[in-house]
Amino acid sequence: MSVAAKGAPLLSRVVGYSVAIANNAGNIIRDIMKKGELGIVEKESAQDLQTEADRAAQRSIITALQKYFPKSTIIGEEGEEEVKDLSGQVFDPTADSSVSGITCPSHLTSVAEEELVIWVDPLDGTAEYTQAHECRISGHLGVCKTLGVSCESLLDHVTVLIGIASGGKAVGGVIHQPYYNYQNPGSKLGRTIWGIVGGSVGGMPLTAPPDGKLIVTTTRSHSSSTVNDAIAALSPTEVLRVGGAGHKVMMLLEGKAHVYVFASPGCKKWDTCAPQAVLEAAGGVLSDIQGKVIPYHASAPHRNSTGVLASAAGQDHQAFLTKIPQHVKDNLKA
Ligand SMILES: Nc1ncnc2c1ncn2[C@@H]1O[C@H](COP(=O)(O)O)[C@@H](OP(=O)(O)O)[C@H]1O
Ligand SMILES: [Mg+2]
Ligand SMILES: [Mg+2]
Ligand SMILES: [Mg+2]
């Protein structure tokens with residue numbers, strides 16, 4: 001049933017429209033990279049940047065969500081000032097019926113619009129987006145001397161995150177990856193995965209991580225001794241240091257890693273709401289570093305001050321939590 005169909009549960013429509021809205025934001029993100037004027041500003045620190053792509057993507061996402069779901073509460077990473085759409089245009093997601101098969105569990109079919117809190121990260125992986133741009137303008141081709149990897153390879157760490165919460169819980173999510181398939185010039189760029197907890201997941205094949213290994217994924221640009229102590233405590237066979245909360249959860253879904261651990265207060269509700277909903281719809285688990293449920297009601301603090309631990313479906317989340325040293329848990333206070 002197309003999500004636009006009358007009678008589709010509200011949550012299914014919000015997820016379906018959010019897929020189209022996130023895809024449109026992906027076009028904006030790619031266009032601004034192509035134009036090359038990123039308009040980079042520093043927020044809380046040099047490790048916390050914001051570009052015109054973050055701002056423009058947020059304007060397009062939030063104005064569309066506000067128009068079609070005016071009674072919901074919408075919270076975007078880039079704050080209130082970056083909401084008014086300068087072009088006056090509001091993206092229309094209703095024409096896009098590419099998404100079908102969104103099923104909503106019975107306990108969520110009657111969720112009302114007023115109950116919804118939508119957490120928006122218009123561009124997750126800003127550090128990687130800006131670094132890829134810096135490399136391009138400095139004429140790096142192939143493997144970048146500073147990064148040791150090709151600059152382009154950072155681009156698919158970027159995702160657009162639209163997370164939907166009801167009753168303080170992550171219940172629906174959309175993760176769009178604008179640069180998916182960048183390795184194949186001329187091919188269609190981008191993919192979008194979506195899910196409803198207890199309902200369906202769609203947009204990419206789900207794969208279990210390999211047996212006999214323990215692949216941990218974590219931040220590449222916001223590390224600390226506490227972050228590294230938590231990783232070491234899991235005794236991984238491999239550590240993948242990549243950008244983006246959304247991108248790391250996608251790695252759990254496509255079998256590239258078993259667990260994502262981030263023992264830091266650095267990420268926020270908009271980084272984890274959408275990834276958590278999609279991961280849990282696929283059978284995985286995402287909690288804070290103590291194993292507590294992350295709250296997503298409108299008045300919840302934006303910062304996830306007690307860190308993040310996410311495991312792929314079939315993994316023993318509790319076993320990972322037990323291995324996290326007490327000093328790491330003590331360092332991350334609510
Ligand atoms: N110490 C810190 N300061 C600011 N932002 C941080 C941070 N640690 C993590 N984050 C944010 O959390 C998200 C995931 O981080 P990472 O890529 O390091 O895993 C990124 O979101 P944004 O790119 O949307 O800002 C990043 O900016
Ligand atoms: Mg940011
Ligand atoms: Mg983010
Ligand atoms: Mg962001």
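Here's a quick tour of the magnesium sites in this structure and the residues around them. Keep in mind that this is a predicted model. Two ions get most of the attention: the magnesium ion (ligand 4), held by E77, D121 and L123, and the magnesium ion (ligand 3), held by D121, D124 and D271.

**The magnesium ion (ligand 4)**

- E77 gives an OE atom, D121 gives an OD atom and L123 chips in with its O, at 2.0 to 2.3 Å from the ion.
- Along the chain, these donors follow the pattern E-x43-D-x1-L.
- E77 also works as a bridge between the magnesium ion (ligand 4) and the magnesium ion (ligand 2), and those two ions sit 3.6 Å apart.

**The magnesium ion (ligand 3)**

- Here the protein donors are OD atoms of D121, D124 and D271, lying 1.9 to 2.0 Å from the metal.
- Their spacing in sequence reads D-x2-D-x146-D.
- From the magnesium ion (ligand 3) to the magnesium ion (ligand 2) it's 5.0 Å.

**What the UniProt record says**

- The unreviewed UniProt entry puts the feature "binding site" at E77, D121, L123, D124 and D271.
- These residues span 195 positions in sequence, yet no two of their C-alpha atoms are more than 9.6 Å apart, so they gather at one spot.
- From this set, E77, D121, L123, D124 and D271 are part of the lining of the largest pocket.

**A closer look at D121**

- You'll find D121 in strand β4, which runs over residues 116-124.
- D121 has a relative accessible area of 0%, so it counts as buried, the cut-off being under 20%.
- L123 is buried as well, and so is D124.
- Leaving out residues up to four places away in sequence, D121 touches E77, T159, V160, L161, W270 and D271.

**A closer look at D271**

- D271 belongs to helix α6, made up of residues 269-281.
- With a relative accessibility of 9%, D271 is buried too, because that value is under 20%.
- Again setting aside residues up to four places away in sequence, D271 is in contact with D121, D124, L161 and A245.
- The D271 side chain also reaches the backbone nitrogen of K268, at 2.7 Å.

Notes. Residues numbered from 1 in each chain as written. Chains lettered and ligands numbered in written order. Predicted model: local features only at pLDDT ≥ 70, side-chain atom pairs only at ≥ 80, totals over all residues. Heavy atoms only, no water. Donors = N, O, S within 2.8 Å, 3.2 Å for Na, K, Ca; no water. Buried < 20%, exposed > 50% of the residue type's maximum accessible area, 1.4 Å probe, protein only. UniProt positions renumbered as here; feature names shortened; annotations may be inferred. 1 Å grid on protein atoms, 1.4 Å probe; cavity = no way out; pocket = protein on both sides within 12 Å on 5 of 7 lines; lining within 4 Å. Helix = DSSP H or I, 4+ residues; strand = E, 2+ residues; numbered from the N terminus. Contact = heavy atoms within 4.5 Å. Polar contact = N/O pair within 3.5 Å; in protein donor to acceptor, adjacent residues only side chain to side chain.
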